[in-house]
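Reader: I would like to learn how to read the contact between two domains. Please take me through it step by step.

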Amino acid sequence: MSSITKVALVGAKGNLGEAVLDAVLNAGFQVTALTRQGSTQTFPSGVTVKQVDYDSIDTLVDALKGQDAVVSTIGSAAIGKQIPLIEASAKVGVKRFITSEFGSNTFSPKVSVLPSYKDKIEVTDAAKKAAAESGLTWTAVVNGPFLDWGLSVGFLVNVKERTVELPDGGDNQFSTTTLPTIGKAVVGILKHPEETKNRPVYIQDTVLTQKKLLELVKKAVGADGWKENVTSLAEQLKASYEEFKKPQPNIFLAVFPGIKTAVYGGPEYETVFPKLDNDLLGIKQLTDAEVEAVVAKSVPK
């Protein structure tokens with residue numbers, strides 16, 4: 001596959017999108033940011049901005065002409081919007097589409113059937129179909145939960161309220177990665193298109209358990225006043241399936257248990273990745289001291 005120089009980025013103003021934008025700019029790629037029509041978002045000098053209607057193949061085709069790759073960091077609420085992007089990319093000869101995967105291992109059989117990931121699976125299927133029918137290739141990045149962001153917003157540990165959930169006791173290991181490392185992985189994919197085509201790549205900064213993470217958080221902010229809640233993933237997942245059956249399910253109650261299961265569910269959900277692409281993509285895992293520093297920097301003060 002010929003080299004990639006021109007990259008269109010979708011979702012460049014999101015939490016992950018900004019980290020990816022910084023990485024691809026610093027690596028010297030020519031970057032075009034796609035934004036919704038009417039958007040007033042601003043970008044660094046050197047970034048071309050094109051406004052699109054994500055429901056219109058025609059506007060997407062116009063915006064993507066001449067691009068070598070599309071990197072999607074689109075948020076979970078709009079995951080399905082990637083399907084027209086994939087179709088438009090195939091039409092105009094884009095070489096690589098990096099889907100907005102960036103999470104748990106949906107390529108694990110147990111995770112792939114969780115209803116919480118239905119939209120992501122449909123996007124992957126669309127990418128595979130386009131690759132079979134055109135010159136488009138695809139890559140998905142599997143990185144586990146975002147360690148830095150997950151702490152800063154209370155997803156992994158709620159520092160502000162000093163509460164933490166310990167799913168199944170909190171002893172299951174999971175792979176986890178920071179946002180800047182994910183940006184570095186995207187650059188590595190774009191620089192190694194042949195080795196990364198039509199497959200997921202697996203990266204991690206470290207492997208933790210929820211108990212170990214709590215220990216590091218307590219070291220950073222203090223050990224007093226914490227409430228630790230031991231929960232059952234099986235019970236939560238059962239309740240989520242029941243919620244999905246309702247005519248108007250509560251999205252949080254339906255979706256979130258599946259996400260937690262994919263993060264904390266242990267070996268049967270491949271929460272520690274069986275193989276890594278760190279070396280290929282130029283990523284070194286963090287030392288214990290570096291993990292401790294990330295935690296200390298990321299927790300709300």
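**The interface between the domains**

Author: Start with the area. Domain 1 and domain 2 bury about 1600 Å² between them, and 66% of that lies on carbon and sulfur atoms. The model is a predicted one.

Reader: Which residues supply 28% of the area that domain 1 buries against domain 2?

Author: Lys-110, Ser-116 and Thr-178 do, and no other three residues supply more.

Reader: Where does the chain divide into domain 1 and domain 2?

Author: Domain 1 takes 6-142 + 178-202, and domain 2 takes 147-175 + 206-273 + 282-298. In the contact, 21 residues come from domain 1 and 19 residues from domain 2. The C-alpha centres of the two domains are 26 Å apart.

Reader: How many salt bridges does the rule find across the interface of domain 1 and domain 2?

Author: For a salt bridge, look for a side-chain nitrogen of Lys or Arg within 4 Å of a carboxyl oxygen of Asp or Glu. Across this interface the rule finds 1. The side chains of Lys-110 and Glu-268 form a salt bridge, at 3.2 Å from N to O. As for polar contacts, 5 residue pairs across the interface qualify, with both residues at pLDDT 80 or more.

Reader: Which elements give two or more residues to the side of domain 1 that touches domain 2?

Author: They are α4 (109-112) and α7 (179-191). Helix α7 gives the most, with 5 residues. By residue class, that side of domain 1 divides into 11 nonpolar, 8 polar and 2 charged.

Reader: Take one residue from α7. Where is Lys-184 found, and what is it in contact with?

Author: Lys-184 is found in helix α7. Leaving aside neighbours within four places in sequence, Lys-184 is in contact with Ala-23, Leu-281, Gly-282 and Ile-283. Lys-184 and Gly-282 are 98 residues apart along the chain, yet their C-alpha atoms are separated by 7.8 Å.

Reader: Why is Lys-184 called partly exposed?

Author: The label applies between 20% and 50% relative accessible area. Lys-184 is partly exposed because its relative accessible area is 44%.

Reader: Is Thr-99 buried or exposed?

Author: Thr-99 counts as buried because its relative accessibility is 1%, and the cut-off for buried is under 20%. Thr-99 lies in the loop between β5 (96-98) and α4. Not counting residues up to four places away in sequence, Thr-99 touches Ser-72, Gln-82, Val-123, Ala-127, Thr-139 and Ala-140.

Key. Residues numbered from 1 in each chain as written. Predicted model: local features only at pLDDT ≥ 70, side-chain atom pairs only at ≥ 80, totals over all residues. Heavy atoms only, no water. Domains from an automatic or database assignment. Contact = heavy atoms within 4.5 Å. Buried area = accessible area lost by both parts, 1.4 Å probe. Polar contact = N/O pair within 3.5 Å; in protein donor to acceptor, adjacent residues only side chain to side chain. Helix = DSSP H or I, 4+ residues; strand = E, 2+ residues; numbered from the N terminus. Nonpolar A, V, L, I, M, F, W, Y, C, P; charged D, E, K, R; others polar. Buried < 20%, exposed > 50% of the residue type's maximum accessible area, 1.4 Å probe, protein only.
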